[in-house]
Amino acid sequence: NGDELCCTRAIVTAKARLDQHPNWDGFKRGRRIQAEHAVDLHHETRVPRGPCGYDELRAFSLAPSLYDYQILLCDATRGYVVTLFGPPSQKQLVPLYNDGHYNVITSLPGFFGTSYFCTRCLKPYDNQGHHACDNNPDHCRACLQTGCPDYTEARCRSLLAMQTCDLCRFMFYGTACFTNHVSKTQSGKTADHQQLSVCMSRRKCGNCRKLLVGRKQQQEHRCGHVTCPSCHHYVEAFNDEKPPLHVFFDVEVMQDTGRHVPNLFNTLSNQSYGIGLDPEKIEKNPGLRTLAEMMLNSMWGKFGQLTNKTQVREFDDPKKFSTFCISDTLQIKYVGIQSDDRVEVQYTLQEEDESISPNLNIFVACFTTCWAHL
């Protein structure tokens with residue numbers, strides 16, 4: 001539409017869908033009722049028609065008609081970052097901004113191709129019970145309930161979960177925490193024959209310790225079997241005498257255009273230098289790892305060092321100052337008056353006059369920082 005109501009049209013359409021408006025079809029097809037509600041929202045918030053950005057969305061979120069709603073903007077121009085407007089609410093309106101146009105997202109998990117979307121840390125995820133949300137410190141990661149008293153006490157006193165469930169083989173922080181996981185679902189509702197409790201919905205195999213989520217996985221699971229990615233049948237895992245190949249990788253990318261464009265992809269395997277990794281002999285050594293990472297990062301800084309840095313020079317002789325400023329090998333960045341008889345000049349060399357250092361190599365620098373991440 002060319003009526004400069006694109007943003008508010010998306011908001012009122014999302015609201016109509018959420019409210020199950022009797023004339024939902026009119027909103028969906030962009031008919032007159034959609035435009036009328038969009039104009040009303042502009043009048044209500046005193047936001048003029050035209051392109052809408054973050055300030056306008058913040059004003060829309062404060063509208064009385066959207067009191068019980070929260071706006072979640074998915075911005076395609078910023079790598080599909082989700083931004084919240086308004087206080088937390090179960091009623092969420094999700095407009096999508098892309099190429100100067102607003103549309104409506106009806107399901108964030110569906111949009112991101114995942115099973116769930118955390119509205120606290122604004123991240124999509126697949127496995128329920130695996131997502132650790134740092135923005136919800138009151139959420140117990142054992143019984144998966146918010147406000148678990150045992151978890152709150154244990155977190156304050158830095159205590160570990162010690163009580164074990166013989167059925168699901170998870171550890172819990174106390175009696176209340178244990179009772180929660182038996183009697184409640186992951187969404188906090190009372191469990192019944194239709195809605196499985198946390199204990200029934202996720203369990204660990206007693207032999208291989210594999211996490212099994214849902215009744216289907218628990219019934220079909222057999223140790224040493226996997227789901228074939230081609231036929232999707234549960235088959236016996238192929239096992240030969242060769243040791244597994246461990247491949248580590250790191251990618252260096254640029255984001256100048258808002259998209260991740262890789263400029264270096266580095267891989268390393270346990271067979272690259274004849275190094276064999278035995279899982280039983282691998283031990284954590286945080287000190288050695290930190291030291292190695294620090295040294296590699298320092299080498300990255302040296303190999304990729306910027307040679308043409310901004311330099312500063314002061315002048316108290318007008319003739320020398322004039323000669324310096326008209327030099328064709330310099331690029332003057334800033335000239336500041338220090339006193340009545342002294343000026344400061346900040347400058348860099350012209351690109352063609354930069355010195356070439358034999359100790360610098362951007363390709364070696366990129367390779368080094370990849371190793372640091374590995």
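**Figure 1. The salt bridge of arginine 58 in helix α4.** In this predicted model, arginine 58 is partly exposed, with a relative accessible area of 41%, and its side chain meets that of aspartate 55 in a salt bridge with an N to O distance of 3.1 Å. Aspartate 55, for its part, counts as exposed, because its relative accessibility is 57%. The two residues are separated by about one helical turn, because they stand three residues apart in helix α4. Side chains of opposite charge can pair when their charged atoms come close. The structure holds nine salt bridges, and further examples are given in the next two views.

**Figure 2. A salt bridge between aspartate 316 and arginine 342.** The closest N and O atoms of aspartate 316 and arginine 342 are 3.7 Å apart in this salt bridge. Aspartate 316 belongs to the loop between β16 (311-315) and α11 (318-325), whereas arginine 342 belongs to strand β18, so the pair ties together parts that are 26 residues apart in sequence. Aspartate 316 counts as exposed at 53% relative accessibility, while arginine 342 is partly exposed, its relative accessible area being 31%.

**Figure 3. A salt-bridge network of Asp25, Arg29 and Arg31.** Asp25, Arg29 and Arg31 are joined into one network by salt bridges that share partners. Within this network, arginine 31 forms a salt bridge with aspartate 25, and the closest N and O atoms of that pair are 3.7 Å apart. Arginine 31 counts as partly exposed at 49% relative accessibility, and aspartate 25 is likewise partly exposed, with a relative accessible area of 31%.

**Figure 4. A negative patch on the surface that includes glutamate 354.** The residues that form this negative surface patch are Asp328, Glu351, Glu352, Asp353 and Glu354. Glutamate 354 is placed in the loop between β18 (342-349) and α12 (362-373), and with a relative accessibility of 32% it counts as partly exposed.

**Figure 5. A nonpolar patch on the surface that includes leucine 288.** Leu288, Leu291, Met294 and Met295 form this patch, and together they present about 400 Å² of accessible area. Leucine 288 is found in helix α10, which spans residues 286-303, and it is exposed, having a relative accessible area of 51%.

**Figure 6. Helix α1 and the residue that follows it.** Helix α1, comprising residues 6-19, has 14 residues and reaches 20 Å from its first C-alpha to its last, which is close to the 20 Å expected at 1.5 Å a residue. The buried residues of α1 are Cys7, Thr8, Arg9, Ala10, Ile11, Val12, Thr13, Ala14 and Ala16. Glutamine 20 follows α1 and has a positive phi, near 55°.

**Figure 7. Positive phi values at tyrosine 80 and leucine 122.** Most residues other than glycine have a negative phi, and most peptide bonds are trans. Tyrosine 80, although not a glycine, has a positive phi of about 60°; this residue is found in the loop between β1 (69-75) and β2 (81-85). At 37% relative accessibility, tyrosine 80 counts as partly exposed. Leucine 122 also has a positive phi, near 60°, in a residue other than glycine, and its place is in the loop between β6 (116-118) and β7 (123-125). With a relative accessible area of 23%, leucine 122 is partly exposed.

**Figure 8. Cysteine 121 in the loop between β6 and β7.** Cysteine 121 counts as buried, because its relative accessibility is 17% and the cut-off for a buried residue is under 20% relative accessible area. Cysteine 121 and threonine 13 are 108 residues apart in sequence and, taken from C-alpha to C-alpha, 25 Å apart in space. Threonine 13 is one of the buried residues of α1.

**Figure 9. Tyrosine 67 and its C-alpha distance to lysine 91.** Tyrosine 67 is found in the loop between α4 (54-61) and β1, and it is exposed, with a relative accessible area of 66%. Although tyrosine 67 and lysine 91 are 24 residues apart in sequence, their C-alpha atoms are 10.0 Å apart in space.

Conventions: Residues are numbered from 1 along each chain as its sequence is written. This is a predicted model: local features need pLDDT of at least 70, side-chain atom pairs count only at pLDDT 80 or more; totals for chains, interfaces and linings use all residues. Side-chain values use heavy atoms; hydrogens and water are left out. Patches are made of residues with over 30% relative accessible area and no salt bridge: like charges are joined within 9 Å, nonpolar side chains (Val, Leu, Ile, Met, Phe, Trp, Tyr) within 5 Å. Accessible areas come from the Shrake-Rupley method with a 1.4 Å probe; for residues, only the protein chains shown count as cover. A salt bridge is a side-chain nitrogen of Lys or Arg within 4 Å of a carboxyl oxygen of Asp or Glu. Lys and Arg count as positive and Asp and Glu as negative; His and the chain ends are not counted. The place of a charge is taken as NZ of Lys, CZ of Arg, CG of Asp or CD of Glu. Helices (H or I, at least four residues) and strands (E, at least two) are DSSP runs, numbered from the N terminus. Buried means under 20% relative accessible area, exposed over 50%, partly exposed in between (1.4 Å probe, protein chains only). The expected span of a helix is 1.5 Å times one less than its number of residues.
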